[in-house]
Structures are given as structure tokens and as C-alpha cells.
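Biologist: Please take me through the ligand site and one histidine, and set each value against the definition behind it.

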Amino acid sequence: MLRIYGRSNSINVRKVLWMCDEVDEPFSREDWGRGYRSTDDETFRRVSDFGVVPVVDDGGFILRESNTIVRYLASKHGRLDLYAPDIKARARIEQWMDWAATDAYVGFRPVFLGLQVKMAPYKDDAEGIRAGILEWTRQMQRLETHFEGNGPFVTGAAFSVGDIPVGLIVNRWFAIPFEKPNLPRVAQYYDRLAERPAYRTHGRNGTP
Ligand SMILES: N[C@@H](CCC(=O)N[C@@H](CS)C(=O)NCC(=O)O)C(=O)O
């Protein structure tokens, strides 16, 4: 059985949990990371000395990096419907996973840690939070514009692994209270994802 190391409120662990449910991968999970056992702990470091969650152990095969784990699970289960084999279709999926982990992450991170987690030094950095909101909003407006001519999922008609990291950022966008513009197409996307039981369990589950 797949063993997952990481707390279930981590956005990156949630990608893996969501994916496990999508492909019916049985798993066990241990709480590691902020608020639980420290990833500096020797036991954790023996599994991964990068000190971040998630890490998975699949019968002795240790893997980190949430987006990579999601793609690994799609390939393991032969889920070509979620991770297309055609190189261009696959690149389109990966483009969204990279966007969620880079451009969309930059602004969202100080906002989440400052406003939601209230973690030092982010919580006292009003300017950092303000700049984060501006940047996160800019990226979410890009997503809104994308959905003007595309959709209902990020790569088009069908749900794919590209929607997993994007869907979790969208959940935080709506779940963290701050002043934000109305993005009706992103809101529709949020509702569309909520039709999936796995997203309701691990994504839009009341936790930002
Ligand atoms: N690029 C990594 C980032 C992992 C990461 O930053 N994880 C955070 C939680 S979302 C973490 O481990 N934080 C430290 C902690 O919880 O102790 C991935 O996508 O898996």
C-alpha cells in the first residue's frame, strides 16, 4: 500500500490524496510537517532529507515532489484519460501544473502564510501580503481570461491531472477571506470541480 508522509492540510499533500482517490490507489498517511512531527526529525530525514511534504513510499520506491507524484500515479494506473499520451496534449497538462507551482504560487504563498496561517514573519509583513494579493489576483485574472475561450477544465473538455494543482489554488483563493475581484468563470470552475467526490474530500472541504 502507498504510504504518504505529510499532513492532510498541506496543499501539496492534498494533491496526492486527491489523485489517490481519482485512481483508487489505497494509501496510508502519517502526519508530518508544520503542527505535527517535524520534518527535521531523523525518521523523516531517513525517508527524504529535503524536509518537505509530501513524500510517498510505494513498496520501497521513495518519491517526493507533489506534481511528480500525481503524474507517477496516473502512469502507474495507466490513466491516459487523466494524463494524455500525445506529447502536445501532455505538454498542455504539464504547463498548467508548472504554472500552479511557479507563477500562481509566488503571490499566493505570502497571502496564505500571512493571512491564514498567521506565521511569522509573513503575518507582520503588510507590504508583502499586499504585494502577494496583487500578484495572486493578476494570476487568477489570467485563469479567468483563459476560461473565456476554453474550458470547462484547464486543458479543455476533460478533467486531467492539470486540474489538480490548479484546483487546489482555486480552493484557497475562494476560502481565504480578503478583498478580491469577481471572477465568474473561475467560480464556475470551482463549482465544476466540486462535482468530483475526491475534490470535495481533499480540496473544497472547508479547509483553505
Ligand atoms: N515542491 C514541493 C514543495 C513541498 C512543500 O513546500 N511542502 C510544504 C507543505 S505544502 C512543507 O513541507 N512545509 C514544511 C512543513 O509542513 O513542515 C512539492 O510540490 O512537493
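**The ligand site and a buried histidine**

Modeller: The space taken by the ligand is the largest pocket, a pocket being, on a 1 Å grid over the protein atoms alone, an open set of points with protein on both sides within 12 Å along at least five of seven lines. This is a predicted model, in which local features need pLDDT of at least 70 and side-chain atom pairs count only at pLDDT 80 or more, while totals for chains, interfaces and linings use all residues. Residues are numbered from 1 along each chain as its sequence is written, and side-chain values use heavy atoms, with hydrogens and water left out.

Biologist: Which residues surround the ligand?

Modeller: The ligand is surrounded by Arg-7, Ser-10, Asn-12, Gly-33, Arg-34, Val-52, Val-53, Pro-54, Glu-65 and Ser-66, where a residue counts as near if one of its heavy atoms lies within 4 Å.

Biologist: What makes the approach of Val-53 to a nitrogen atom of the ligand a polar contact?

Modeller: A polar backbone atom of Val-53 is 2.8 Å from that nitrogen atom, and a polar contact is a pair of N or O atoms within 3.5 Å, so the pair qualifies. An oxygen atom of the ligand is 2.9 Å from a polar backbone atom of Arg-34.

Biologist: Why is His-146 called buried?

Modeller: His-146 has a relative accessible area of 18%, and buried means under 20% (1.4 Å probe, protein chains only), therefore His-146 is buried. The side chain of His-146 reaches the backbone oxygen of Val-154 at 2.8 Å.

Technical notes: A polar contact is a pair of N or O atoms within 3.5 Å; within protein, one must be able to donate a hydrogen and the other to accept it, and residues adjacent in sequence count only if both atoms are side-chain atoms. On a 1 Å grid over the protein atoms alone, a cavity is a set of points where a 1.4 Å probe fits but cannot get out, and a pocket is an open set with protein on both sides within 12 Å along at least five of seven lines; lining residues have an atom within 4 Å of a point. A molecule sits in a cavity or pocket if more than half of its atoms lie within 2 Å of its grid points. Buried means under 20% relative accessible area, exposed over 50%, partly exposed in between (1.4 Å probe, protein chains only).
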